[in-house]
Amino acid sequence: MRLHHVQVSIPKGGEDQARSFYGDALGLTEVPKPPSLAGRGGCWFRAFDGETVVAEIHLGVDSPFVPAKKAHPALVTGSAEELEALGARIESAGFDVSWEERHTFEGYERFHCRDPFNNRVEVLSPLTS
């Protein structure tokens, strides 16, 4: 068994803001929703390793919308350098990044950020010895 995707809620009409964060700042690739689901709104993003999909986040419209308080996707970068660069890119795009819990998860370093809708996203990198 493997994980196919994680769904994150967004408000109606939030697709362009979602693209700004998940596509531009986070660096995921938007992929078309299947025609049978496209009418529901939202958008889908994937991360690739070569041609292999390694992460998928579906942003679905929820009404009424309420951001998750603690639930979140966690994405893994390949190195501490990639983690630092991604954190800087997200901040330069105008989104908050918190390094407060950087060293609180054994075997990893990490940061948390918030999408435009106040949903939490974690990005981490394994520690190398």
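Which residues have the most contacts inside the largest nonpolar core? Select Phe21, Tyr22, Leu26, Leu59, Ile90 and Phe111: these have the most contacts inside that core, which has 25 residues. Keep in mind throughout that this is a predicted model.

**The core and its suppliers**

Now colour the elements that feed the core. At least two core residues come from each of strand E1 (6-10), helix H1 (15-25), strand E3 (43-49), strand E4 (52-61), helix H3 (80-92), strand E7 (108-114) and strand E8 (120-126). H1 gives the most, with 4 residues.

Centre the view on Ile90. Leaving aside residues up to four places away in sequence, Ile90 touches Phe21, Ala25, Leu26, Phe95, Val97, Phe111 and Cys113.

**The annotated span**

Select residues 2-126. UniProt lists this span as "domain: VOC", in an unreviewed entry. The C-alpha atoms at its ends lie 20 Å apart, and the span is 22% helix and 35% strand.

**The sheet with E1 to E4**

Show E1, E2, E3 and E4 as a cartoon. They make an open sheet of 4 strands, in the order E1-E4-E3-E2 and with mixed pairing. Look at its edges: E1 and strand E2 (29-31) each have a single partner strand, so one side of each is left without a neighbour in the sheet. From one strand to the next, the twist averages 30°.

Next, isolate E3 and E4, which pair in the antiparallel sense over 7 bridges. To see one facing pair, pick Asp49, which stands opposite Thr52 in E4. Then bring back H1. This helix lies across E1, E2, E3 and E4 and runs at about 15° to E3.

**Glu56**

Stay on E4 and select Glu56, which is found in that strand. Is Glu56 buried or exposed? Its relative accessible area is 7%, so Glu56 counts as buried, the cut-off being under 20%.

Show the residues around Glu56. Apart from those up to four places away in sequence, it touches His4, His5, Val6, Trp44, Phe45 and Arg46. Among these, Arg46 has a side chain that makes a polar contact with the side chain of Glu56, at 2.8 Å. Trp44 is 12 residues from Glu56 in sequence, with a C-alpha to C-alpha distance of 7.4 Å.

**The sheet with E5 to E8**

Move to the other strands and show E5, E6, E7 and E8. What is the order of the strands in this open sheet? The order is E5-E8-E7-E6, again for 4 strands with mixed pairing. Strand E5 (74-76) and E6 are the edge strands, each pairing on one side only.

Select E7, where 5 of the 7 residues are buried. On one side, E7 is joined to strand E6 (residues 97-98) by 2 bridges, and the two run antiparallel. Pick Ser98 to find its bridge partner in E7, His112.

E7 also pairs with E8, in the antiparallel sense and over 7 bridges. Two positions to click are Phe111, which stands opposite Val123 in E8, and Tyr108, whose bridge partner in E8 is Pro126. Phe111 is also one of the core residues with the most contacts.

Follow the chain from E7 into E8. The two strands form a hairpin with 5 residues between them, and Asn118 in the turn has a positive phi of about 75°.

Finish with H3 added to the view. This helix lies across E6, E7 and E8, running at about 15° to E7.

Methods
Residues numbered from 1 in each chain as written. Predicted model: local features only at pLDDT ≥ 70, side-chain atom pairs only at ≥ 80, totals over all residues. Heavy atoms only, no water. Core = buried A, V, L, I, M, F, W, Y, C linked by side-chain atoms within 4.5 Å. Buried < 20%, exposed > 50% of the residue type's maximum accessible area, 1.4 Å probe, protein only. Contact = heavy atoms within 4.5 Å. UniProt positions renumbered as here; feature names shortened; annotations may be inferred. Pairing = 2+ DSSP bridges. Axes fitted to C-alpha atoms, helices over the stretch in contact; angles between N-to-C directions. Polar contact = N/O pair within 3.5 Å; in protein donor to acceptor, adjacent residues only side chain to side chain.
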